[in-house]
Amino acid sequence: MVAGISLVATLGAAGLTAAPTASAAPQAAPAPGPLVRAISAPAADAPDVDVTKVQAHLTELNAIASRNGGTRKSSGQGYRDSVAYVKNKLQAAGYTVTEQPCTSGCATGAGPNLIAEWPQGDTAKVYMFGSHLDSVAAGPGINDNGSGSAALLETALTLAEHHPAMAARVRFGWWTDEEQGLNGSDFYVNSLSSAERTRIKAYYNFDMIASTNGGYFINHLTSAAAQPMKAYWDSLGLQPEENTEGAGRSDDYSFEQAGIPTSGYAMGASARKTAAQAAKWGGTANRAYDSCYHQSCDTTSNINSTGLNRSVDGIASTLWKLAVTDSTPANDFSLSASPAGGTVDPGTSATTTIATATTSGSAQTVQLSASGAPAGVTVSFSPGSVTSGNSSTMTVATAAGTAPGSYPLTVTGTGSVTHTATYTLTVRGTGSCSGQQLLTNGGFETGTSPWTGDTGAIGSHAGQSAHSGSRFAWLGGYGYSATDSIVQTVTVPAGCAKATLTYWLHIDTDETDRVAYDTFKVKAGSTTLTTLSNTDAASGYVQRTLDLTPYIGQRIALTFTATEDSGLQTSFVLDDAALQVN
């Protein structure tokens, strides 16, 4: 939550009541209007969101801050590593994820906003859930606002896991530069067209939802937008109050200024808990809701797990009420590829027919796209969209230098709902091998891409040094039970005689016993190629070599994993990885 701002919010949407000021009398709650009423059919009850998984995300955000000078400020590597961590989790779950650079109005060097949309539901009805991902420079920001960010991340992953029928679109936002004046959310809202703003039926903000001496506060408590959130906390007997302390001080204000209805949960910042609130909610009267607000002590030790659990379950309950339906989509279609695969020589093309059929209701427009193509391969559709019941020709074109191997492509059809089909492209070997290095960004100097997994481990971290350049991957080093993995998928060309993986590894440990408590593994696919441990610790980097010749002609996922037990720390510091074929 940004400090030092006192603003009065005015909602432009009809049927929604502005938040009362501290002196305003409570207003009667209006009946929920059509913008926030359950759509189409009653939704199933929301699943319980596992708060231990939310806390695991907080642990990772805290570790990212520790590796970056104790902060995740918007202009620092800690923020960018936080974005990478959240982004990779969402992409793996099937979200459409976009990094939006803040090109005006943000602090110099501020990282991007991160926007993720679940690709199902009516695109004309969008419910948006957001939190700021940056911290102040003074600390890691685990309550402010890792709590809101981690809760939204796990809610998004729970939605993807349960994969319910959707009546509306759900979009999540993680904002940059909030602590410098709500700048990231301002930039996002100002980037929207009038039509795009109209499609957002309500925005829900979560900033500091795990304050250790916290209360239970709701933004615009009596508004129509707030009713699903209030209903959940009312069901727990919490008797929530209006969030007067936070009015105009977090990213919901950017949306309010654009006339978009807003609400959200908060548990309080530096204001003091009253005696009446302590009697109602517990805790200590005349003490700040969060005594570590904007300080270095805002770590994982500064989290109220009960409040966090009540908040994240209320978020999920609200999402399910607004956007999920038990009914089968009124208009639905099927999608298929025939043939489902093709084999080509490098430099040639393959075609397949992408067929659609209307399976219920009326025909609809289906937009076609493809993902998963390797470097040098392009995919096109003719036509690019069809009315369900019709077909399109998909052309997959390879370049002369496309590496031989098998590549699964995902074909996506997007209408009022989304369906996918798989097409497998096989590129034949040429019988000869051009010596080359296959890993991209093996020295980690150009960000995190194309590495996936726990990419918050990648960066220029205080406490360890690179083998060359300034960046590296610091896996482990926590001193408690934890696992870090980074992954890159490569195709080892056919026709080569030898493939060799090399990497530089520094193992630094506080363990003194000659017992393998903490381990480092390298895997190709599901096969473990080597295992090292704290017993292999050395004062500097050691180059390691592995033979990957058995994987020639295959597409493999190379995984580097560090696993620590609950005792002393062992750091596995990885740099300058390369996969050479000849």
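Helices (H or I, at least four residues) and strands (E, at least two) are DSSP runs, numbered from the N terminus. With that in hand, let's work through some exercises on this predicted model.

**Exercise 1. Two cis peptide bonds**

Task: Find which residues the cis peptide bond with omega of about 0° joins, and say where its proline lies.

Solution.
- Step 1: The bond with omega of about 0° links serine 449 to proline 450.
- Step 2: Look for proline 450 in the loop between strand 18 (436-437) and strand 19 (452-453).
- Step 3: Now turn to another cis peptide bond, the one between aspartate 144 and asparagine 145, where omega is about 5°. Asparagine 145 has its place in helix 3.

**Exercise 2. Positive phi without glycine**

Task: Aspartate 177 has a positive phi; work out in which loop it lies, and decide whether it is buried or exposed.

Solution.
- Step 1: Phi of aspartate 177 is about 55°, although this residue is not a glycine.
- Step 2: Aspartate 177 sits in the loop that runs between strand 4 (168-175) and helix 4 (183-191).
- Step 3: Buried means under 20% relative accessible area. Aspartate 177 has 0%, so it is buried.

Task: Do the same for asparagine 286, another residue with a positive phi.

Solution.
- Step 1: Here phi is near 60°, and asparagine 286 is again a residue other than glycine.
- Step 2: The loop that holds asparagine 286 lies between helix 8 (275-281) and helix 9 (305-323).
- Step 3: The cut-off for exposed is over 50%. Asparagine 286 has 57% relative accessibility, so it counts as exposed.

**Exercise 3. A threonine in helix 3**

Task: Describe the surroundings of threonine 155, a residue of helix 3.

Solution.
- Step 1: Start with accessibility: threonine 155 is at 0%, so it counts as buried.
- Step 2: Look for a polar partner. A polar atom of the threonine 155 side chain lies 2.8 Å from the backbone oxygen of alanine 151.
- Step 3: List the contacts, leaving out residues up to four places away in sequence. Threonine 155 touches Val312, Ile315, Ala316 and Leu319.

**Exercise 4. The nonpolar cores**

Task: How many residues make up the largest nonpolar core, and which have the most contacts inside it?

Solution.
- Step 1: The largest nonpolar core has 62 residues. Those with the most contacts inside it are Leu90, Tyr95, Phe129, Phe172, Trp174, Phe206 and Tyr265.
- Step 2: Ask which element supplies the largest share of this core: it is helix 3 (residues 142-162), with 9 residues.
- Step 3: Zoom in on phenylalanine 172. Not counting residues up to four places away in sequence, phenylalanine 172 touches Tyr95, Leu114, Ile115, Ala116, Met128, Phe129, Leu152, Ala156 and Leu319.
- Step 4: Then find the second, separate core, which has 34 residues, including Leu501, Val522, Leu548 and Leu574.

**Exercise 5. The cavity**

Task: What is the volume of the largest cavity, and which residues line it?

Solution.
- Step 1: Searching the whole structure gives 1 cavity of 30 Å³ or more.
- Step 2: The volume of the largest cavity is about 60 Å³.
- Step 3: Its lining is formed by Met1, Asn205, Asp207, Asn219, Asn243, Gly246, Ser250, Asp252, Tyr265 and Ala266.
- Step 4: Sorted by class, this lining has 3 nonpolar, 5 polar and 2 charged residues.

**Exercise 6. Two pockets**

Task: Describe the largest pocket by its volume and its lining.

Solution.
- Step 1: The volume of the largest pocket is about 920 Å³.
- Step 2: Its lining has 33 residues, and those nearest the centre are Pro374, Ala375, Tyr407, Thr491 and Arg555.
- Step 3: Strand 16 (405-414), strand 18 and strand 22 (482-491) are the elements that give two or more residues to this lining. Strand 22 has the largest share, 5 residues.
- Step 4: By class, the lining of the largest pocket divides into 17 nonpolar, 15 polar and 1 charged.

Task: Which element gives the most to the lining of the second largest pocket?

Solution.
- Step 1: The second largest pocket has a volume of about 520 Å³.
- Step 2: Of its 23 lining residues, Ala84, Lys87, Asn88, Thr448 and Trp451 are the closest to the centre.
- Step 3: Two or more residues come from each of helix 2 (77-93) and strand 19. Helix 2 gives the most, with 11 residues.
- Step 4: The classes here are 7 nonpolar, 9 polar and 7 charged.

Notes
Residues are numbered from 1 along each chain as its sequence is written. This is a predicted model: local features need pLDDT of at least 70, side-chain atom pairs count only at pLDDT 80 or more; totals for chains, interfaces and linings use all residues. Side-chain values use heavy atoms; hydrogens and water are left out. A nonpolar core is a set of buried Ala, Val, Leu, Ile, Met, Phe, Trp, Tyr and Cys residues joined through side-chain atoms within 4.5 Å. Buried means under 20% relative accessible area, exposed over 50%, partly exposed in between (1.4 Å probe, protein chains only). Contact means heavy atoms within 4.5 Å. On a 1 Å grid over the protein atoms alone, a cavity is a set of points where a 1.4 Å probe fits but cannot get out, and a pocket is an open set with protein on both sides within 12 Å along at least five of seven lines; lining residues have an atom within 4 Å of a point. Grid points are joined across faces, edges and corners, and a volume is the space filled by probe spheres set on the points. Ala, Val, Leu, Ile, Met, Phe, Trp, Tyr, Cys and Pro count as nonpolar, Asp, Glu, Lys and Arg as charged, and the others, Gly among them, as polar. A polar contact is a pair of N or O atoms within 3.5 Å; within protein, one must be able to donate a hydrogen and the other to accept it, and residues adjacent in sequence count only if both atoms are side-chain atoms.
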